[in-house]
Amino acid sequence: PLSRVQTGIAVRVRQLCAAPEIQSRLRELGFCEDQVIRLITNRTGFICQVCNSRLALSEQMAAMIMVEPMRPALARV
């Protein structure tokens with residue numbers, strides 16, 4: 001899950017494990033399957049760079065976003 005990613009790491013969204021209405025909202029914000037995101041910080045919340053924007057998520061919301069690491073050549077966001 002995104003909640004276990006180290007800061008500064010680029011990952012690809014694989015699956016949203018949430019209720020359909022929450023999945024819809026996350027997709028509206030840019031957390032779509034196959035989207036590359038970078039975790040900026042996880043101190044007071046989870047701040048992610050998504051589609052050239054920074055968005056904050058709660059720890060509970062970050063735990064619903066399943067991600068996979070990027071290959072090193074593709075990890076630049």
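Buried means under 20% relative accessible area, exposed means over 50%, and partly exposed lies in between. The exercises below apply this cut-off and others to a predicted model.

**Exercise 1. Classify D34, C51, Q23, R71 and I9 as buried, partly exposed or exposed**.

Solution.
- Step 1. D34 has a relative accessible area of 42% and is therefore partly exposed. D34 sits in the loop between α1 and β2.
- Step 2. For C51 the relative accessible area is 46%, so C51 is partly exposed. The loop between β3 and β4 holds this residue.
- Step 3. Q23, at 18%, is buried. Q23 belongs to helix α1.
- Step 4. R71, at 60%, is exposed. R71 is located in the segment after β5.
- Step 5. I9 comes to 37%, which means partly exposed. I9 is in the segment before β1 (10–16).

**Exercise 2. State what the backbone angle phi shows at D34 and C51**.

Solution.
- Step 1. Most residues other than glycine have a negative phi.
- Step 2. D34 has a phi near 75°, which is positive although the residue is not glycine.
- Step 3. C51 also has a positive phi, near 50°, and is likewise a residue other than glycine.
- Step 4. The setting of C51 is the hairpin of β3 and β4, with 2 residues between the strands.

**Exercise 3. Work out the secondary structure and the layout of the sheet**.

Solution.
- Step 1. The protein has 2 helices and 5 strands.
- Step 2. Along the sequence these elements follow the pattern β-α-β-β-β-α-β.
- Step 3. In space, 5 strands form an open sheet in the order β4-β3-β2-β1-β5, and the pairing is antiparallel. β4 (53–57) and β5 (65–69) are the edge strands, each pairing on one side only. On average, neighbouring strands of this sheet are turned by 45° against each other, direction ignored.
- Step 4. Take one pairing in detail: β3 (residues 46–50) and β4 run antiparallel and are joined by 5 bridges. Q49 has R54 of β4 as its bridge partner.
- Step 5. Add a helix: α1 (residues 20–29) lies across β1, β3, β4 and β5, at about 150° to β1.

**Exercise 4. Which residues of the largest nonpolar core touch the most other members, and which strands supply at least two residues each?**

Solution.
- Step 1. Nonpolar side chains tend to be buried together in soluble globular proteins.
- Step 2. The largest nonpolar core here has 16 residues, and those touching the most other members are L2, F31, I37, C48, L57, I65 and V67. At least two core residues come from each of β1, β2 (36–41), β3 and β5.
- Step 3. Look at C48. Leaving out residues up to four places away in sequence, C48 touches L2, F31, R38, L39, I40, S53, R54, L55 and L57.

**Exercise 5. Find the contacts of I9 and Q23, and compare sequence separation with distance in space for two pairs**.

Solution.
- Step 1. A contact requires heavy atoms within 4.5 Å.
- Step 2. Not counting residues up to four places away in sequence, I9 touches I37, R38 and L39.
- Step 3. With the same exclusion, Q23 touches L16 and A18.
- Step 4. I9 and G30 are separated by 21 residues in sequence and by 17 Å from C-alpha to C-alpha.
- Step 5. R71 and N42 are 29 residues apart in sequence, with 22 Å between their C-alpha atoms.

**Exercise 6. Check whether the radius of gyration agrees or disagrees with that of a compact globule, then describe the protein as a whole**.

Solution.
- Step 1. A compact globule of 77 residues would have a radius of gyration near 11 Å; the protein has 11 Å, so the two agree.
- Step 2. The C-alpha trace spans about 35 × 25 × 20 Å along its principal axes.
- Step 3. Of the 77 residues, 36% are buried.
- Step 4. The accessible surface is about 4900 Å², and carbon and sulfur atoms account for 49% of that surface.
- Step 5. Among contacts with a separation of 6 or more, 60% are between residues 24 or more positions apart.

How values were computed:
Residues are numbered from 1 along each chain as its sequence is written. This is a predicted model: local features need pLDDT of at least 70, side-chain atom pairs count only at pLDDT 80 or more; totals for chains, interfaces and linings use all residues. Side-chain values use heavy atoms; hydrogens and water are left out. Helices (H or I, at least four residues) and strands (E, at least two) are DSSP runs, numbered from the N terminus. Buried means under 20% relative accessible area, exposed over 50%, partly exposed in between (1.4 Å probe, protein chains only). Two strands pair if DSSP finds at least two bridges between them. Axes are lines fitted to C-alpha atoms, for helices over the stretch in contact, and angles run from 0 to 180 degrees between N-to-C directions. The radius of gyration is taken over C-alpha atoms; the globule rule is 2.2 Å times the number of residues to the power 0.38. Accessible areas come from the Shrake-Rupley method with a 1.4 Å probe; for residues, only the protein chains shown count as cover. A nonpolar core is a set of buried Ala, Val, Leu, Ile, Met, Phe, Trp, Tyr and Cys residues joined through side-chain atoms within 4.5 Å.
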